[in-house]
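User: Please take a close look at the salt bridges in this model. Which side chains pair up, and how accessible are the partners?

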Amino acid sequence: MTDSAEAASPSTTTGGPRRAPAGAAVLREDVTEAIRAAVFAELAAGGYGRMSMEGIARRAGVGKAAVYRRWRSKLPLVLDMVSDFAAQGLPVPDTGTLYGDVRALLDVSARALRHPVAAQIIPDLLAEAARSPELADTLRTALREAQGGITVAVIRQAAARGELSPSADPELALDLIAGPLYWRLAVMRAAYSRAQLDALTSAVVAALQAST
């Protein structure tokens with residue numbers, strides 16, 4: 001894979017790919033996607049601390065200039081990818097009951113956390129966030145956007161059906177849903193059985209109904 005036709009200066013590119021000036025070659029999307037895939041692989045293989053722009057370029061099969069044309073360093077690269085992931089969002093479950101919606105959300109979230117790449121990358125980025133306020137802010141925003149909006153929708157649906165009070169707290173719901181999953185799957189590295197997810201769903205629903 002080559003990138004000789006691209007024209008963008010690393011001194012002017014500070015975030016993700018931008019529109020090239022008139023008369024300049026456009027940054028190739030296939031090169032960009034190869035770099036993004038290489039970043040995930042590098043994070044999973046060695047973590048953020050060991051990741052380098054040179055290693056990303058090697059894994060993507062492109063020159064270092066192709067990476068620097070798009071991102072000035074690995075931090076804005078990772079920040080950009082985290083933000084893009086959050087923007088994609090997840091479908092809001094609408095099963096007709098609060099139990100069904102919470103169970104569906106737990107199932108999707110558990111499968112995501114069990115993915116080998118996610119299991120390696122998420123704890124590593126959270127650890128790195130303790131040393132990087134910029135990364136910490138981006139992660140908080142991304143996670144809030146990715147999960148918070150879904151939780152708000154689930155709570156509003158339940159309130160509209162009369163299963164919860166309109167004053168039900170989406171933040172509490174997010175804590176009750178995400179907290180146990182992350183603790184068991186990402187921290188303890190233990191699995192959730194179907195029966196355990198059913199029990200967790202019942203516990204979350206009961207806690208939300210008791211809190212309003």
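Analyst: R131 is exposed, its relative accessible area being 59%. In this predicted model, R131 pairs with E128 in a salt bridge whose N to O distance is 2.8 Å. The partner E128 is buried, at 13% relative accessible area. Elsewhere, D94, D101, R161 and E163 are joined into one network by salt bridges that share partners.

The count for the model comes to eleven salt bridges, with a side-chain nitrogen of Lys or Arg within 4 Å of a carboxyl oxygen of Asp or Glu as the rule. One of them links R59 and E42, with the closest N and O atoms 2.6 Å apart. R59 belongs to helix α2 (residues 53–60) and E42 to helix α1 (residues 29–50), so this pair ties together parts that are 17 residues apart in sequence. R59 has a relative accessible area of 45% and is partly exposed, whereas E42, at 14%, counts as buried.

The pair D107 and R103 forms a salt bridge at 4.0 Å, N to O. Both residues lie in helix α5 (residues 98–114); they are four residues apart, and therefore separated by about one helical turn. D107 is partly exposed at 27% relative accessibility. R103 has a relative accessibility of 12%, and because the cut-off for buried is under 20%, R103 counts as buried.

In summary, the acid is the buried partner in E128–R131 and in R59–E42, while in D107–R103 the buried partner is the arginine, R103.

Note on methods:
Residues numbered from 1 in each chain as written. Predicted model: local features only at pLDDT ≥ 70, side-chain atom pairs only at ≥ 80, totals over all residues. Heavy atoms only, no water. Helix = DSSP H or I, 4+ residues; strand = E, 2+ residues; numbered from the N terminus. Buried < 20%, exposed > 50% of the residue type's maximum accessible area, 1.4 Å probe, protein only.
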